[in-house]
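This report describes the fold of one chain. It covers the sheet, the helices that pack on it, the core and two loop residues.

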Amino acid sequence: MSLPLVSIGMPAFNGEAYIKLALDSLLAQEYENFELIISDNCSTDTTKAICQEYARKDKRITLLFNDENLGPAKNFEKVIAQAKGSYYMWASVDDVWKPNFISVLVDLL
């Protein structure tokens, strides 16, 4: 039986203080069949560079960069519009997830 694809959307703006911790916890998930869609909303810090660094290391990451700040709501909409998974979940730039977070949720569904 194949595992369902889980889409994780991460709208980002000026998250350099925490985004590495968030990305490390996501990429360390026991459940590996997921895509991570990050949409940077014109950050003025190093968020974009950090995301690019992680995307080079992990093919599950899709990066989107806005030409202008869309505001939070439209950036959330942009991320969800790109999702291909059977299930969808949000992640914030400052979320730190336990390694079994996705697997527990998928098992419940």
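Helix α3 (residues 72-81) lies across β1, β2, β3 and β4 and runs at about 155 degrees to β1. Helices (H or I, at least four residues) and strands (E, at least two) are DSSP runs, numbered from the N terminus. Axes are lines fitted to C-alpha atoms, for helices over the stretch in contact, and angles run from 0 to 180 degrees between N-to-C directions.

The model is predicted: local features need pLDDT of at least 70 and side-chain atom pairs pLDDT 80 or more, while totals for chains, interfaces and linings use all residues. Residues are numbered from 1 along each chain as its sequence is written, and side-chain values use heavy atoms, with hydrogens and water left out.

The four strands form an open sheet in the order β3-β2-β1-β4, with parallel pairing; two strands pair if DSSP finds at least two bridges between them. β3 (61-65) and β4 (87-90) are the edge strands, each pairing on one side only. On average, neighbouring strands of this sheet are turned by 20 degrees against each other, direction ignored. Between β2 and β3 the parallel pairing extends over five bridges, and Phe65 in β3 is the bridge partner of Asp40. Helix α2 packs on the sheet, where it touches β1, β2 and β3, and its direction makes about 150 degrees with that of β3.

The largest nonpolar core (buried Ala, Val, Leu, Ile, Met, Phe, Trp, Tyr and Cys residues joined through side-chain atoms within 4.5 Å) has 22 residues; Val6, Ile8 and Ile102 are among those with the most contacts inside it. At least two residues of this core come from each of β1 (6-12), α1 (19-27), β2 (34-40), α2 (47-57) and α4 (101-108). Beyond its neighbours within four places in sequence, Val6 is in contact (heavy atoms within 4.5 Å) with residues including Phe34, Met89, Ile102 and Val106.

In α4 the buried residues (under 20% relative accessible area, 1.4 Å probe, protein chains only; exposed is over 50%, partly exposed in between) are Ile102, Ser103 and Val106. They lie on the same side of α4 because they cover an arc of only 95 degrees around the axis, taken from the directions from the helix axis to the C-beta atoms. These buried residues pack against β1, β2 and β4, whereas the face turned away carries the exposed residues Asp107 and Leu108.

Two non-glycine loop residues have positive phi.

| Residue | Loop | Phi | Relative accessible area |
|---|---|---|---|
| Asn14 | between β1 and α1 | near 45 degrees | 31%, partly exposed |
| Cys42 | between β2 and α2 | about 65 degrees | 23%, partly exposed |
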